[in-house]
Amino acid sequence: MQYQALNNKIIELVGGKENIQAVVHCMTRLRFTLKDREKADTEALKSMDDVIDVVNNNVSYQIIIGTHVADVYDELVTMLGIKNDVDEIVEDKPKKNIVKSILDVVSESMTPILEPIICAGLLAALLSIISLTGIISADSSTYKIFDALRVAVFYFLPILMAMSSAKRLGASPYLAVALAATILSDPINGVAGLKLFSISLPQITYANSFIPILLAVWFMGYVTKIVKKIVPNALQYFLTPLLIMLITLPATLLVFGPLGYYLGEGIIQFFNLLMEYVGSWFVMMLYSALQPFIVMLGAGNFIMPVVAALISADGYDPAFISSATISDIAVGGAMLGYFLRTRNSKQKQLFGTVTLSAILGVTEPAIYGVFVKFRRPFIAVMIGGGLGGLFAGLTGVKAYSIAWGLFGLPAYIGKGDFMNLWLMVTAVIISFVGAAIAAYVLGIPAEDGVPSQESAIKPKAVQVDSESRYTTLSIDSVVDGKLVQLSEINDAAFSSGAMGKGVGIYPNVNQIASPITGTITAVFPTKHALGITGSNGVEVLVHIGIDTVELEGQFFDVLVKQGDSVKSGQPIVDVEFEKVKAAGYEIPVIIIITNTNEYLDIIPIADKDVKVNESVMNIILR
């Protein structure tokens, strides 16, 4: 074990195993709950080479280790043989907004299964084209074999949803899949006259659905927790899965299956009525115009369950997928307008790159890299996308499968419906041209108080002394607020510079943005800290508040996940700072360069009010 010697010394100096009631960790420190703090030798701990500092306050006994604390912690709990009761801590949290929680679960569950769904959609389009050209007959076995893939993806949608949602809902993925396979089996799926315990069951077709199994897996997660608490450890392996299935299957057939089925039907009827009495033109125009805002808010996938339900019921989606494609192409058009307008070579390179990605259906680089900086492209997309969506709605364009972007257009052929394809192509052209013209006319505004795109893309050369010139990298503010020097932060681990050089910002808004363009390398479970590695190698820790790890994620909503690519200025966390303050915590947002030693120097700017994307410190390269 790499940290065995360190952990043995820590255990000894905090008073031994018998003095440790519980231990957790945050991004930089071990947090002990000690039975008797008087037994801990704080000065001896501080003198250890691998310990940065010790903080003993009314919250917990904290030993500051550094960013490798997670590895130290893993070995420590193994050596202690203790288990923290995370479930009990979670139960003390205030309840989240139930609507947002439901949407989060649905969105997170749909995202992983989009890959096979998109594959099936594009395959349907390809088969339609091949059969119409006569290359392969629709009656041939070759056609039927490939078409079986398309049919299977939607038929077995409950199994895909069960696998995708199980871990998120606290259920075993294998038991969830077994449950989904059971309700899809011939004795149950679509069978009339079934009875369970002499109770008549409604005739429900579970194939092509997702709401019944999602509700069932949610219930399975709760059953799993209860059963594991009741069944003795010696019998867990044998009895737990059996009891879970014996409880969950009847509940699914009696309650959650019918409830999910009728809920799905209700959703479909709602949108059908909306389109019938208000008009699909209005829905498509509105969504095509506003989708960039929806993506920016992190709600881009909220339509997927609705789309899946519509296609399963009617064979097509009359509004949303078409609108999403029209809007994506409009984003590409707006970026083309900027590409043609700018004379700056670096901006031209940026605009050209994001134009292509948007046309192919990936708009996040444009939205986060350009739209949030220049803002006017939002107006251009509202004009171009709105016009394209209006045309598509008035002409009744339908999406026969879930596929968007330029390569998704063949999916609009359906079963030989070429007129639908040409109408969709026309709508896309209207949105693209309209947004391009609007963006070109609106122009590229000068950014008030924000570094130009040129400076955001390449390092700046600055005069450091009379004989040498060094290259610097600029690190941007993560939030609007008052910038202070790190020495003013009321936490020794940060104010001493032991964690690295940086700055603090006392926020006056609730949204935290990325200070650099790069990759999210760490998101702490309690949501109060994130690690970001820049495309230039700089490693940044964004730490929100002092001791806010104790909130266990309350009042924090992380908008990204580990492995995500982010742009400088892209929102990454929403924080209810007033509630954090009311809970008794200080709220500085601390930006630390954790690989400080790799650079010649890091120079913070003077204290002042700053805004997102405004430089707060310069890294001087070697």
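Tutor: A crossing is called right-handed if the near helix is turned clockwise from the far one by less than a right angle, and left-handed if the turn is anticlockwise. In this predicted model, helix H8 passes helix H9 in a right-handed crossing.

Student: What makes H8 roughly antiparallel to H9?

Tutor: H8 and H9 (residues 173-183) pack at an angle of about 165 degrees, and their axes are 8 Å apart. Angles over 145 degrees count as roughly antiparallel, so H8 is described in that way relative to H9.

Student: Why is H8 said to be largely enclosed by the rest of the structure?

Tutor: Burial requires a relative accessible area under 20%. Eight of the nine residues of H8 (residues 157-165) are buried, and the helix is therefore largely enclosed. The buried residues are Leu157, Pro158, Ile159, Leu160, Met161, Ala162, Ser164 and Ser165.

Student: Why are helices H1 and H3 called oblique to each other?

Tutor: The axes of H1 (residues 4-13) and H3 (residues 69-80) come within 10 Å and cross at roughly 60 degrees. Roughly parallel would need an angle under 35 degrees, and roughly perpendicular begins at 65 degrees. The pair is therefore oblique. H1 passes H3 in a right-handed crossing.

Student: How do you know that lysine 561 and aspartate 564 meet in a salt bridge?

Tutor: The N to O distance between their side chains is 3.3 Å. The cut-off is 4 Å, so the contact qualifies as a salt bridge. A search of the whole structure finds three salt bridges.

Student: Is lysine 561 buried, partly exposed or exposed?

Tutor: Its relative accessibility is 55%. The term exposed applies over 50%, so lysine 561 counts as exposed.

Student: What makes the contact of glutamate 576 with lysine 579 a salt bridge, and how accessible are the two residues?

Tutor: Their closest N and O atoms are 3.1 Å apart, and the 4 Å limit therefore admits the pair. Glutamate 576, at 37% relative accessibility, is partly exposed, and lysine 579, at 43%, is likewise partly exposed. Each value falls between the 20% and 50% limits, which is why the intermediate term is used.

Student: Why do the partners glutamate 614 and lysine 608 carry separate accessibility terms?

Tutor: Glutamate 614 has a relative accessible area of 14%, which is under the 20% limit, so it is buried. Lysine 608 has 34%, between the limits, and is therefore partly exposed. The closest N and O atoms of this salt bridge are 2.6 Å apart.

Student: Which residues form the nonpolar patch on the surface, and what makes valine 278 eligible for it?

Tutor: The patch consists of Leu273, Tyr277, Val278, Trp281, Phe282, Leu286, Leu290, Met382 and Leu394, with about 840 Å² of accessible area together. Helix H11 (236-296) and helix H16 (376-395) are the elements that give two or more residues to the patch. H11 supplies the largest share, seven residues. Valine 278 lies in H11. Its relative accessible area is 39%, so it is partly exposed. Patch residues must have over 30%, so valine 278 passes that threshold.

Student: How do you know that alanine 380 is buried?

Tutor: Alanine 380 has a relative accessibility of 0%, below the 20% cut-off, and therefore counts as buried. This residue lies in H16. Alanine 380 and isoleucine 437 are 57 residues apart in sequence, and their C-alpha atoms are 8.0 Å apart in space.

Conventions
Residues numbered from 1 in each chain as written. Predicted model: local features only at pLDDT ≥ 70, side-chain atom pairs only at ≥ 80, totals over all residues. Heavy atoms only, no water. Patch = residues over 30% accessible without salt bridge, like charges linked within 9 Å, V, L, I, M, F, W, Y side chains within 5 Å. Areas by Shrake-Rupley, 256 points an atom, 1.4 Å probe, with all protein chains shown as cover. Helix = DSSP H or I, 4+ residues; strand = E, 2+ residues; numbered from the N terminus. Buried < 20%, exposed > 50% of the residue type's maximum accessible area, 1.4 Å probe, protein only. Axes fitted to C-alpha atoms, helices over the stretch in contact; angles between N-to-C directions. Parallel < 35°, antiparallel > 145°, perpendicular 65-115°, else oblique.
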